[in-house]
Amino acid sequence: MRLYLFLILLLLSTNAVAATADDPVILTPLTNCPTARPACMVFHIYLTTPEVNGEGYAPYTKVISKGLDESDVPIVADVLGRLNGGPEKLHRIAFHNDRGGIICQDSRAATIGVGKNGHGTILTVQGELEITDPTIQVGDRTSLAVIDRKTLKQTNLPTPHWQSHFFLDQLAMAKDGRAYWRENNICLDINSSPRFKQVPATHCTGVKLSPANARTVERFRHTGRYNGEHEKAYLQDYLFEIEGSGYIAYIYPIACT
């Protein structure tokens, strides 16, 4: 009888181990940059999908957890990426949940690189994760751009957030149209993929930005490029002269309220 009970307990124990052995490791993003990684900035994370439901909210098809609007409940999602240079595969991530506050983002993470496609490399407790998932956006590429005065060619640049209210004090524009970022008394070039680069502090001195004059604003308005409701009405608030430069800076001014 004792042997029978022992075998049953052993079988149950074995099944329990087998059931948990296949459970995915849950990665935990860092929400602050460690001192050992100076070329790092906290970027906001946005979970997106190509389609939006009738209520105007993205369906978040890969999100596992519930309670998305409760800030004390992590957003757990399966995300495509490469952990520590490994193969591309799905990783289960417990994102810090920022959706409970009025800050217009989903989460945030310590970020050490971004790409033109919206992908980025973040730091987690388990190491570096290069996010390749098309439904995850690291930072933003619609809030800052430089425009060539002669050709009117526009180049969008990465920002840690879509609202200039949160990043203007970190931004330094150069005469050549490049943008540099101040972070903890360190100057960074974040537009050089695949990793952020620490550059001399002089790069972050920056030059003066001043509102573009009416003639310049009208010239850009006639391109038909700025068709958003706010852009049409307030384009003069988006365009800035970069002192001594052949470029104009486009900075999205709206703050989330």
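**Exercise 1. Find which residue of strand 16 is the bridge partner of S210, then place that pair in its sheet.**

Solution. Keep in mind that we're working with a predicted model.

Step 1: S210 has E241 in strand 16 as its bridge partner.

Step 2: Now look at the two strands involved. Strand 15 and strand 16 run antiparallel, and three bridges join them.

Step 3: Zoom out to the sheet. It's an open one with five strands, antiparallel pairing and the order 10-9-17-16-15.

Step 4: Check the ends of that order. Strand 10 (154-156) and strand 15 are at the edges with a single partner strand each, so each has one side left without a neighbour in the sheet. From one strand to the next, the twist averages 30°.

A bit of background: sheet strands pair through backbone hydrogen bonds, and the pairing can be parallel or antiparallel.

**Exercise 2. Work out which residues of helix 2 (residues 214-221) are buried and what covers them.**

Solution.

Step 1: List the buried residues of helix 2: T216, V217 and F220.

Step 2: Ask how they're arranged around the axis. Looking down the axis of helix 2, the buried residues fall within an arc of 100°, so they line one face of the helix. The general rule behind this sort of pattern is that an α-helix has 3.6 residues a turn, so residues three or four places apart point the same way.

Step 3: Turn to the face directed away from the buried side. There you'll find the exposed residues A214 and R215.

Step 4: Identify the cover. Strand 9 (144-148), strand 16 (239-242) and strand 17 (247-251) are among the elements covering the buried residues of helix 2.

Step 5: Tie this back to the sheet. Helix 2 packs on the sheet and touches strand 9, strand 16 and strand 17, with its direction making about 120° with that of strand 16.

**Exercise 3. Find how many disulfides a search of the whole structure gives, and describe each by handedness and burial.**

Solution.

Step 1: The search turns up two disulfides.

Step 2: Take C33 and C40, which are joined with an S to S distance of 2.0 Å. The torsion about their S-S bond is about -75°, so this disulfide is left-handed.

Step 3: Check burial for that pair. C33 has a relative accessible area of 24%, which makes it partly exposed. C40 sits at 1% relative accessibility, so C40 counts as buried; the cut-off for buried is under 20%.

Step 4: Move on to C187 and C204, whose sulfur atoms are 2.1 Å apart. Here the torsion about the S-S bond is about 90°, so the disulfide is right-handed.

Step 5: See what that bond connects. C187 is in strand 13 (residues 186-189), while C204 is in the loop between strand 14 (197-199) and strand 15 (209-211), so the pair ties together parts that are 17 residues apart in sequence.

Step 6: Finish with burial. C187 has 3% relative accessibility and counts as buried. C204 counts as buried too, at 8%.

**Exercise 4. Sum up the chain as a whole: what does its secondary structure come to, and how much of the chain is buried?**

Solution.

Step 1: The secondary structure comes to three helices and 17 strands.

Step 2: Of the 257 residues in the chain, 42% are buried.

Step 3: Look at contacts between residues at least 6 apart in sequence: 56% of them join residues at least 24 apart.

Step 4: For the surface, the accessible total is about 14300 Å², and 55% of that belongs to carbon and sulfur atoms.

Definitions and conventions:
Residues numbered from 1 in each chain as written. Predicted model: local features only at pLDDT ≥ 70, side-chain atom pairs only at ≥ 80, totals over all residues. Heavy atoms only, no water. Disulfide = S-S within 2.5 Å. Buried < 20%, exposed > 50% of the residue type's maximum accessible area, 1.4 Å probe, protein only. Helix = DSSP H or I, 4+ residues; strand = E, 2+ residues; numbered from the N terminus. Arc of directions from axis to C-beta. Contact = heavy atoms within 4.5 Å. Areas by Shrake-Rupley, 256 points an atom, 1.4 Å probe, with all protein chains shown as cover. Pairing = 2+ DSSP bridges. Axes fitted to C-alpha atoms, helices over the stretch in contact; angles between N-to-C directions.
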